[in-house]
Amino acid sequence: MSLAILSKPAFRDFVARLLADYRVAGPVAHNGSFIFDEIRDPSELHMDYPTTLLPPKKFLLPIREVLFRFKRQDGGVLQAPPETPPTVLLGVHTCDLHAIQLLDTVFSSGHYDIHYVNRRKKTLIVSIECLGPCDEHSFCKSMGTLTADEGYDLHLTDLGDQYAVDVGTQAGKELLEKYASAKPADKEDVQRLNAVISAKWPRFSYRLDFDVSELPSVLELGMKSPLWEELGQRCLACAACTNVCPTCFCFDVKDEVELNLVDGQRVRQWDSCQLDEFATVAGGHNFRASRALRQRHRFMRKGKYILDAHKHLGCVGCGRCARACIVDITPVGVFNELYRQQQAGS
Amino acid sequence: MSANGKPKIAFFDFTSCEGCQLTVIDSLQDHPELLNAVEIVQFREAMSEKGEDYQIAFIEGSCTRQSDEARLKAIREQADIVVALGACAHLAGVNALKSLHPLEEVRKYVYGDKWDWYETYDARPIEAVIPVDFAIPGCPIDRNEFIAVVKALLLGKKPPIPDYPVCVECRLKENICMYTKGKVCLGPVTRAGCGAICPTYGSSCEACRGFISNPNQDSIKDVLAEAGLSVEEIINIYTMFTTYQVREKLLQKG
Ligand code: SF4
Ligand code: SF4
Ligand code: SF4
Ligand code: SF4
Ligand code: SF4
């Protein structure tokens, strides 16, 4: 929409003012790493963080949430849970931004998920451009997520002593007008921004050995690869890979009751296709009983099934699963190996 | 059922440190309303009265002597539901470590020259002696899980004990993985439900809750070996709480 400039002190003031009216969350330091968390003071923010343990998804699809409360008598009186406060999510990287766009599609099409959509409507996103790779596990450049031209309300680029602020939505424009003392960008600012952006691209490398547009067919051709069996032997079915993934959205729903055995609540919490119990249906049959089949399913979803169903790739190249896996099962490794096998076989 | 319609429950202890019963007392302090839902008729840790007409028996501790067997069988006779309370009852836990050494040596080490005054044999989980309906794992048990199990039993449902690894709870807590810190951890093969309390406070998981039902044993052994552990070290860490299970499995394989 338009470009504004916010000096670093003005950005701190902006956040301080937001705190009066919004729940504000952003990247903060945690045990020598970083997590997205609610902040109480702008000084807690680390806007130059490399990556976080869990993605910002947890503010839109909480790890565990109460869907409603009920009574096991009188026809089961229902009560909605407390509403989420209006929230500003600061410092979202573009890989995670692409993941949120996928979640928006998933939860608003087909079965319209009122819980997600309500929370999403109350959330404003202030994202930030990565100027260097977060670490050796990321492959956003290969996945086309190293930048974004939509999905944010405001998008920041660090120009050293100031941020360039790209206004993405009307809501973002209003937020900036109401809470920040920004100035419109002049010609010099635009030149500086362009220089910073063109300097960043060479810092990232392509890590897939083929173009991402080929990924769905690489997977399709790889359905019968012996690789899956090998992964199944190594995989611990620990679900670290899916729990840290910004695009995974599977959940489990269950009822919990109080000790009076009358009052209760229905909760949902993140689930994982990598766990043994996930594909077990009533009667005890598990239609993906082997770890090999579950690994195949996971990568098929990331690179093909989700794209087919929702028009967004199911992997944004954030590298979190690769960082988390104790036995070094990584998307880059898997995708490249399938491609290598196909090149060797053809 | 008592006259007031509340199920009667009783607690029993065998060879254990009584830490699980103390955790039950803690849960009662957090959830005094539990006493509106059940009537406790026997609980040596907490009261002196003794009733024998219980429906649900919670048994703490391993079976470590011949004379334990008759007592266990009598409890099984009376109770409709028997629940193993904690690692000693559920797995035999650390008590089973003594079976790694000749019994006489162990008895002399513990009881000195009075060693033959005290009867003892290899420690076993109570399930080796009587049928057990459910187990609440852990050393000690998790207080919230204890309450969740009681609720499930009152509703006539299967207790919600997870069958996925500790890593699930650990990652969702945004802990830094012990392996990232250059340490080893049994979380990937251990049954969750404790909230990954050990890694959360900086210690490795030692599998006090026992293994999940389908652990990838070969892969975790490779992981431990790659981390530089010797075979002996791997066996030591692997059998801290699961000596009985690992031995049984080896015996089955012959
Ligand atoms: S993190 Fe690795 S070991 Fe764990 S489930 Fe995923 S692929 Fe398997
Ligand atoms: S599959 Fe891995 S790299 Fe891809 S989005 Fe998920 S966590 Fe990130
Ligand atoms: S994967 Fe790329 S876009 Fe995502 S945090 Fe790392 S560098 Fe930034
Ligand atoms: S610290 Fe242990 S339990 Fe936690 S993720 Fe790592 S291996 Fe799993
Ligand atoms: S983390 Fe492991 S050792 Fe610690 S309580 Fe949980 S299961 Fe037991």
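**Exercise 1. State how many salt bridges the whole structure holds, then place the pair A:Arg268 and A:Glu65.**

Step 1. A search over all chains gives 33 salt bridges (a side-chain nitrogen of Lys or Arg within 4 Å of a carboxyl oxygen of Asp or Glu). This is a predicted model: local features need pLDDT of at least 70, side-chain atom pairs count only at pLDDT 80 or more, and totals for chains, interfaces and linings use all residues. Residues are numbered from 1 along each chain as its sequence is written, chains are lettered from A and ligands numbered from 1 in the order in which they are written, and side-chain values use heavy atoms, with hydrogens and water left out.

Step 2. A:Arg268 bridges to A:Glu65, with the closest N and O atoms 2.8 Å apart.

Step 3. A:Arg268 sits in strand β11 (residues 263–270) and A:Glu65 in strand β4 (residues 64–71), both of chain A, so the pair ties together parts 203 residues apart in sequence. Strands (E, at least two residues) and helices (H or I, at least four) are DSSP runs, numbered from the N terminus.

Step 4. Both A:Arg268 and A:Glu65 are buried (under 20% relative accessible area; exposed is over 50%, partly exposed in between; 1.4 Å probe, protein chains only).

Step 5. A salt-bridge network links A:Glu65, A:Asp113, A:Arg119 and A:Arg268.

**Exercise 2. Locate the salt bridge of A:Glu230 and A:Arg234.**

Step 1. Their side chains meet at 2.9 Å, N to O.

Step 2. Both lie in helix α8 (residues 227–234) of chain A, four residues apart, about one turn of the helix.

Step 3. A:Glu230 is partly exposed at 40%. A:Arg234 is partly exposed at 28%.
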